[in-house]
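User: I'm new to reading protein models. Could you walk me through this one and show me how each label is earned?

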Amino acid sequence: MSIYFEVDGPYRCMVLPASQEEGKLLKKRYAVYELDGSLAELKGFELKRRGELKLIKVFQEQVFKDGPFLAGDDLESCYAAVATVANRWLDVIDGHGEQLEDEEVLELVSEQKSMSRTLEEYGEQKSSAITVARRLAEFLGDQMVKDAGLACKFIVAAKPVDKPVTERAIPVAIFEAEAAVRYHYLRRWLKDRSMAAEDMEIRQVIDWNYYRGRLDAAIQKIITIPAAIQKMENPVPRVKHPEWLVKKVASLNDAYQQKSLKSMFSKAIDDGAAVMDIEEAAGGGKEGARKGVVVHRRGKRVGAPQGG
């Protein structure tokens with residue numbers, strides 16, 4: 001599988017992400033660096049989109065704009081530098097943002113979607129933005145969501161545990177409400193009336209596993225899968241390879257893997273072997289092709305008819 005580029009170059013570096021799905025390419029996504037190390041072009045990443053998850057945008061900004069892909073003298077040291085950025089943000093998520101203020105945590109894990117139509121026009125459709133709009137209407141009033149273009153900023157909660165992400169979207173605005181109002185609606189939305197006040201603080205509400213999954217996906221696309229395809233050890237071992245990639249890596253590193261005829265002939269040609277026609281191999285060109293061939297059938301020796 002190949003990708004063709006038209007480049008103006010020369011460039012110092014070009015970074016291509018990989019898909020998490022086997023055999024699939026990510027089109028129109030790349031980062032290109034000038035010879036002086038400046039970023040010439042960045043295309044297709046979440047960093048360039050409005051409303052995307054801030055965690056992913058900050059991670060990508062540090063990976064691409066701070067220059068770790070230009071660090072080191074070889075692939076190994078380059079990936080080690082990039083892995084440092086990945087591990088820093090994995091620590092933040094795994095530690096539930098313990099080094100951050102509540103407002104910083106809320107900003108980091110929030111994303112924003114805009115409603116192109118009025119809430120009423122969506123009917124029974126389901127999405128995170130629609131859930132958030134309905135919940136905004138609950139505690140702010142229907143008047144606040146009557147117009148099209150509503151900006152729905154939200155986080156994903158860990159509860160109710162048996163519900164999809166679209167039904168666990170919580171409007172960020174609720175965390176700015178008075179304590180009594182916040183507790184009342186969070187108990188309703190999280191489907192747990194027994195929750196104490198301390199259980200409804202922002203770090204207790206957030207679905208950290210969901211955000212770890214989002215970060216893992218970004219790290220796989222930009223760092224770990226491309227590294228594996230380049231026959232490098234996983235530079236971020238905390239982020240596991242997809243199952244298909246584990247098998248692919250094992251195959252690439254298998255010293256006893258069966259080689260195809262095409263690969264064996266290609267190597268022979270590269271080593272200088274002469275290319276011979278199949279008829280020549282059978283006995284010297286056209287003359288050889290007309291010679292009789294002897295076969296054995298049921299113990300009898302039978303001569304094939306002579307040419308001519």
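**How the labels are earned**

Analyst: Sure. Keep in mind that this is a predicted model. Let's start with strands: four bridges join strand 4 to strand 5 (residues 151-156), and the two run antiparallel.

User: What makes strand 4 and strand 5 a pair?

Analyst: The cut-off is at least two bridges between two strands. Strand 4 and strand 5 have four bridges, so they count as paired. One of the matches is Glu111, whose bridge partner in strand 5 is Phe154.

User: How do you know that strand 5 and strand 6 pair?

Analyst: The test works as before: at least two bridges are needed. Strand 5 and strand 6 have three bridges, in the antiparallel sense. Ile155, for instance, has Ile170 in strand 6 as its bridge partner. Put together, the strands form an open sheet of three in the order 4-5-6.

User: Why are strand 4 and strand 6 said to stand at the edges?

Analyst: Strand 4 (111-114) and strand 6 (169-171) each have a single partner strand, so one side of each has no neighbour in the sheet. From one strand to the next, the twist averages 45 degrees. Helix 4 (residues 128-140) lies across strand 4, strand 5 and strand 6, at about 40 degrees to strand 6.

User: What is the strand order in the other open sheet, and which strands are its edges?

Analyst: The order is 1-2-3, with antiparallel pairing. Strand 1 (13-15) and strand 3 (39-43) are the edges, because each has a single partner strand. Neighbouring strands here are turned by 5 degrees against each other on average, direction ignored. Strand 2 (residues 30-33) is joined to strand 3 by four bridges, and Tyr33 has Leu39 as its bridge partner in strand 3. Helix 1 packs on this sheet, touching strand 1, strand 2 and strand 3, and makes about 30 degrees with the direction of strand 2.

User: How do you know that the span of helix 2 agrees with what its residues should give?

Analyst: Helix 2 (residues 75-94) has 20 residues, and at 1.5 Å a residue these should span 28 Å. The end C-alpha atoms are 28 Å apart, so the two values agree. Just after helix 2, His96 takes a positive phi of about 55 degrees.

User: Which parts of the chain cover the buried residues of helix 2?

Analyst: The cover includes helix 1 (54-64), helix 3 (102-108) and helix 7 (208-229). Among the buried residues of helix 2 are Cys78, Tyr79, Trp89, Leu90 and Ile93.

User: Why is Arg212 called buried?

Analyst: Buried means under 20% relative accessible area. Arg212 is at 17%, so it counts as buried. Arg212 sits in helix 7. Leaving out residues up to four places away in sequence, Arg212 touches Leu90, Ile93, Asp94, Arg238 and Val239.

User: What describes the way helix 4 and helix 5 cross?

Analyst: Two packed helices are described by the angle and the distance between their axes. The axes of helix 4 and helix 5 (residues 179-189) come within 11 Å and cross at roughly 145 degrees. The crossing is right-handed. On the helix 4 side, Arg135, Glu138 and Phe139 meet Tyr185, Arg188 and Trp189 of helix 5.

User: How many residues of that contact are nonpolar, and how many are charged?

Analyst: Three are nonpolar and three are charged, with no polar ones. Take Tyr185 as an example: Tyr counts as nonpolar under the rule used here, so Tyr185 belongs with the nonpolar residues.

User: Which residues of helix 5 are buried, and what covers them?

Analyst: The buried ones are Arg182, Tyr183, Tyr185, Leu186 and Trp189. Their cover includes helix 4, strand 6 and helix 6 (202-205). Just after helix 5, Lys191 takes a positive phi of about 60 degrees.

User: And what about the whole chain: how many helices and strands are there, and what share of residues is buried?

Analyst: The protein chain has eleven helices and eight strands. Of its 308 residues, 37% count as buried. Among contacts between residues at least 6 apart in sequence, 53% join residues at least 24 apart.

Conventions. Residues numbered from 1 in each chain as written. Predicted model: local features only at pLDDT ≥ 70, side-chain atom pairs only at ≥ 80, totals over all residues. Heavy atoms only, no water. Axes fitted to C-alpha atoms, helices over the stretch in contact; angles between N-to-C directions. Contact = heavy atoms within 4.5 Å. Expected span 1.5 Å × (residues − 1). Buried < 20%, exposed > 50% of the residue type's maximum accessible area, 1.4 Å probe, protein only. Left-handed = near helix turned anticlockwise from the far one by under 90°.
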